[in-house]
Amino acid sequence: MGNASTGGEAGAAAEEDLGGRYPAKGRRRDMSLPQLARFTGEGGEKAHAYVGLRGEIFDVSNALDKENLTETYGAWFGKNKEDVDEEELENFRAKFVKLGKVIEQRVISPEELATATGEAGAPIYIAARGLVFDVSSGESFYGPGGGYHLFAGHNAQRALALMSLKPEDVTNTSLDGLDPKDLKILDDWIDKYYLKYPLIGTLSDSGAPKESDAENTPDVDAKKDEEVDNDDDAAKDDDAAKDDETAQDDDAVKDDEGANVEKVDE
Ligand code: HEM
């Protein structure tokens, strides 16, 4: 698994006229609140500090040591503040680069996931541990013809954990029987995705109720059990992700964002 920036968005951003604003340190992207929460400005000179104001995310990282920013706005770092007046919002727009917007989390059904393969203009989603990421900006990896296209529109957790490109490890989504070291690899992938791609929501254990559910084949039942398991994982993962934010986040951000920053600086 690589660490460097791979999205195609860097080039366009690099040529942007910043109009006197502080350059952004992070890469342009929309993100969910749990992702935003990772960017609190802690971690020394590589720190990233993002502020959400009425859903617009500003990168204030490069102004951290100026203007008493931390003193004045430190409490807002990593959060989205809705009760902000127009003047303050304009102030941020004038000074800082907008990275993207806050995305609402939603529940994604397996059926919807399955359509998000990048074909015919569809977005590309990948699920793991019940979390669904929109990896469309990694189209060269996951889009049609990409080396990892088999993950597109799938719960790829088993394959990611096992570093496997075998179709059967994508069809089988169970984490049963995997070693702790495999699960660590999976969590590293999820960490990477957290920093790189919008987390759009969680995977539901089943789609819209269907008549045919009543006469499920054993296969479908097996699948259902698995998905229930995944859901449990998702709940755990949310907590784990929160803990990570304090425990490991700094390193993760430094590693991954640091790598991105080198290439993506605007
Ligand atoms: C000979 C073996 C492999 C080589 C040389 C290799 C190389 C690479 C390279 C150079 C990248 C781009 C990294 C970047 O720019 O961020 C990449 C990305 C990736 N690799 Fe591999 N890879 C190999 C095997 C695998 C296997 C077995 C998996 C199975 C899970 C895998 C999963 C991925 C994924 C998911 C990405 C995309 C990461 C993203 O979304 O940023 N790779 N690989």
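These questions and answers walk through a predicted model of a protein.

Student: How many helices and strands does the protein have?
Tutor: Start with the overall make-up. The protein has 266 residues, and 37% of them count as buried. Its secondary structure comes to 11 helices and 10 strands.

Student: What share of the contacts in the protein, with a separation of 6 or more, is between residues 24 or more positions apart?
Tutor: Take the contacts with a separation of 6 or more. Then pick out those between residues 24 or more positions apart. Their share is 71%.

Student: In what order do the strands of the open sheet of five strands stand?
Tutor: Work along the neighbours. Strand 2 pairs with strand 3 in the antiparallel sense, over four bridges. Strand 2 also pairs with strand 4, this time parallel, over two bridges. The pairing in the sheet is mixed, and the full order is 1-5-3-2-4.

Student: Which strands stand at the edges?
Tutor: Read the two ends of the order 1-5-3-2-4. Each edge strand has a single partner strand, so one side of each is left without a neighbour in the sheet. The edges are strand 1 and strand 4.

Student: Which residues of strand 2 are buried on each side?
Tutor: In a regular strand, side chains alternate between the two faces of the sheet. Strand 2 covers residues 50-53, and both its faces are covered. On one side are Y50 and G52; on the other are V51 and L53.

Student: Which residue in strand 4 is the bridge partner of L53?
Tutor: L53 lies in strand 2, and it stands opposite E56 in strand 3. Now look towards strand 4, where G52 stands opposite N80. For L53, the partner in strand 4 is K81.

Student: Which residue in the hairpin of strand 2 and strand 3 takes a positive phi?
Tutor: Look between the strands. The hairpin has two residues there. The phi in question is near 45 degrees, and the residue is R54.

Student: Which helix gives the largest share of the largest nonpolar core?
Tutor: Nonpolar side chains tend to be buried together in soluble globular proteins. Here the largest core has 51 residues; Y50, Y125, I126 and F133 touch the most other members. The largest share is six residues, and it comes from helix 9.

Student: From which domains does this core draw at least three residues each?
Tutor: Check the domain bounds. One runs over 17-102 and the other over 106-245. The core draws at least three residues from each of domain 1 and domain 2.

Notes
Residues numbered from 1 in each chain as written. Predicted model: local features only at pLDDT ≥ 70, side-chain atom pairs only at ≥ 80, totals over all residues. Buried ≥ 20, exposed ≤ 12 C-beta atoms within 10 Å, placed from the backbone. Contact = placed C-beta atoms within 7 Å. Pairing = 2+ DSSP bridges. Core = buried A, V, L, I, M, F, W, Y, C linked by C-beta atoms within 7 Å. Domains from an automatic or database assignment.
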